[in-house]
Amino acid sequence: MHHTLQLTLAPEIALDDDNFRRFVIQKLRLRESDNPFIRKTRQSIDARSRQVKINVQAEVYAGEAPPALVGTRIVYPDVSKRPQALIVGCGPAGMFAALRLIELGIKPVLFERGKDVRTRRRDLAAINKEHYVNPESNYCFGEGGAGTYSDGKLYTRSNKRGDIRRVLEIFVAHSASEQILIDTHPHIGTNKLPVVVSEMRESILKAGGEIHFDTKVTDLIVSDNRITGVVTNDKDEHTGIGVILATGHSARDIYELLHAKNILIESKSFAMGVRIEHPQNTIDKIQYHCETDRGPYLPAASYSLVTQTHYKGVQRGVFSFCMCPGGFIVPAATAPGEVVVNGMSPSRRDSPYANSGMVVTIEEADLAPYKDYGPMAGLQLQRELEQAACKLGGATQTAPAQLAVDFIKARTSAHLRETSYQPGLQSVDLYDVLPGHIAFPLRDALSDFGRKMRGYLSGDAQLIGVESRTSSPIRVPRERESCEHPEIKGLFPCGEGAGYAGGIMSAAMDGERCAEQLAKLYAGAPA
Ligand code: FAD
């Protein structure tokens, strides 16, 4: 016998496994002695009214074996003797491209400037404790890319449900919790991601693919508008049937290389601002309408905010970005002399802090002073902002900060609050760091958010700068269908750095798409 249930329940029933089981057995008048199999297939929190509710979809099997939850039959054939394709960058885009190439019978050869997940950890400790930024190994560069020591939120605005499910199932096949197939807002957590990434590496290697760490691509081999290979570490040449360029939004040297080689790149819209940090309890009280704390069942609350502001006659969007409940702010710079912040959280989301990017769209008018930089104008603005933040913070990884209420009143904070940002904070006037086209829209938006979420602008909220790497300021163009660069045959710009993704899920899906197009065009595989 098989039942499908749609339930709306109180948190103490829905979110406690024993209580939930008892509830379902009673509701369906089953007997515990029959040992029915009960599993949730979808779960979301509805906190719109004062009484928080949990929407649950569940399947119940009594006297019948349940089908496997992970539908994709993941089989990676031996491709060690097959034609090889080159992938630059071992982030989500590069790794998913590699796994898809294997499925399509092509041997992937990946080049990654950074280190494997485990060795990389030491460099992250050095940034946090010694303020030393290794330009080849940091929160953005290394195995798994920016996605490894990230928050691991797996949502995307894409509506390709089949592709989303497939990517989630591949994560589950590499040891991510099945819970990510159930939650409407799935999350892996920074403590679990390195295991998932290293299992994906093992799948690639076992199938006969190659991954080269500490191996930076320093040149592209192009003749007659066709890419035939890459040069690594300024000396070694490698060839392949195609090249997937998945270097992420922080590989500035790759943009410079493309520009220097006259390979078309374009500027694109992006957003920059700060990160805002609150005690998690403040956000819980606002979102769950509770007096003291969220209690033992509900997870750390999140939020999403957006508004429109005007500055010098131009409309600018201001929005929260990559909100991390129960998380930490981390130093995400990729070179000495710059300060960049980002956020992450462990799988349990149990830190006492909530943080979120709070960013302002950069408009064409803002780039006018940088017009001599051509398509690199946005990148130059980004770089200057990060360097200004570093200088004001004290020329280390200490980040400039200001209480949100003081920022609105344009006064430097006498005292900052405790923070999750390990390298520490320096009280500054953020108007000295942020240009007017970011500072003033941010000020107006914060006032608006304070009205929309009462308590959001409490004296506990502090702004920490700068959140400058929300997305790439540059696009590497490609043909809509074939995903090939319009000028260079065999070159597949891919993932976030090329401007086709904005997060782990979209980067992974884009990696798969580029792999399929490469296989179709250069190995005759059906796409
Ligand atoms: P990347 O992940 O940036 O990977 C690019 C790789 O290319 C890097 O490993 C880099 O070392 C390598 N590379 C660069 N240049 C070269 C070269 N010349 N030669 C060889 N290798 C090179 N997204 C979410 O969806 N959810 C989240 O919760 C989330 N949290 C985040 C938290 C933090 C702290 C950070 C930094 C990012 C977070 N993101 C999150 C963003 C997400 O990580 C990125 O969107 C995603 O990783 C982009 O994937 P990608 O493969 O396109 O590029």
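Me: Helices (H or I, at least four residues) and strands (E, at least two) are DSSP runs, numbered from the N terminus. In which strand is the place of valine 466?

Reply: Happy to help! This is a predicted model, where local features need pLDDT of at least 70 and side-chain atom pairs count only at pLDDT 80 or more, while totals for chains, interfaces and linings use all residues. Residues are numbered from 1 along each chain as its sequence is written, and side-chain values use heavy atoms, leaving out hydrogens and water. Valine 466 belongs to the run of residues 462-467, which is strand 20.

Me: Is the peptide bond from glycine 465 to valine 466 cis or trans?

Reply: Most peptide bonds are trans. Here, however, omega is near -5 degrees, and the bond from glycine 465 to valine 466 is cis.

Me: How many residues surround the ligand?

Reply: A residue counts if one of its heavy atoms lies within 4 Å of the ligand. The closest are Glu112, Ala146, Asp151, Glu496 and Ile504. Among the elements that each supply at least two residues of this shell are helix 3 (92-103) and helix 13 (504-523). The number of residues surrounding the ligand is 37.

Me: How far from an oxygen atom of the ligand does a backbone N or O atom of isoleucine 504 lie?

Reply: A polar contact here is a pair of N or O atoms within 3.5 Å. Polar backbone atoms of proline 92 and glycine 152 are each paired with a ligand oxygen, at 3.3 Å and 3.1 Å respectively. For isoleucine 504, the distance is 2.7 Å.

Me: How much of the ligand's accessible area does the protein cover?

Reply: Accessible areas come from the Shrake-Rupley method with a 1.4 Å probe. On its own, the ligand has 1000 Å² of such area. The protein covers 96%.

Me: Which helices hold phenylalanine 96 and phenylalanine 171?

Reply: Rings of Phe, Tyr and Trp (its six-membered ring) pair if their centres lie within 6.5 Å, with planes under 30 degrees apart stacked, over 60 edge-to-face and the rest tilted. By this rule the count is eight aromatic pairs. Phenylalanine 96 and phenylalanine 171 form an edge-to-face one, 5.2 Å centre to centre with 70 degrees between the planes. The pair ties together parts that are 75 residues apart in sequence, because the two residues lie, respectively, in helix 3 and helix 5.

Methods. A polar contact is a pair of N or O atoms within 3.5 Å; within protein, one must be able to donate a hydrogen and the other to accept it, and residues adjacent in sequence count only if both atoms are side-chain atoms.
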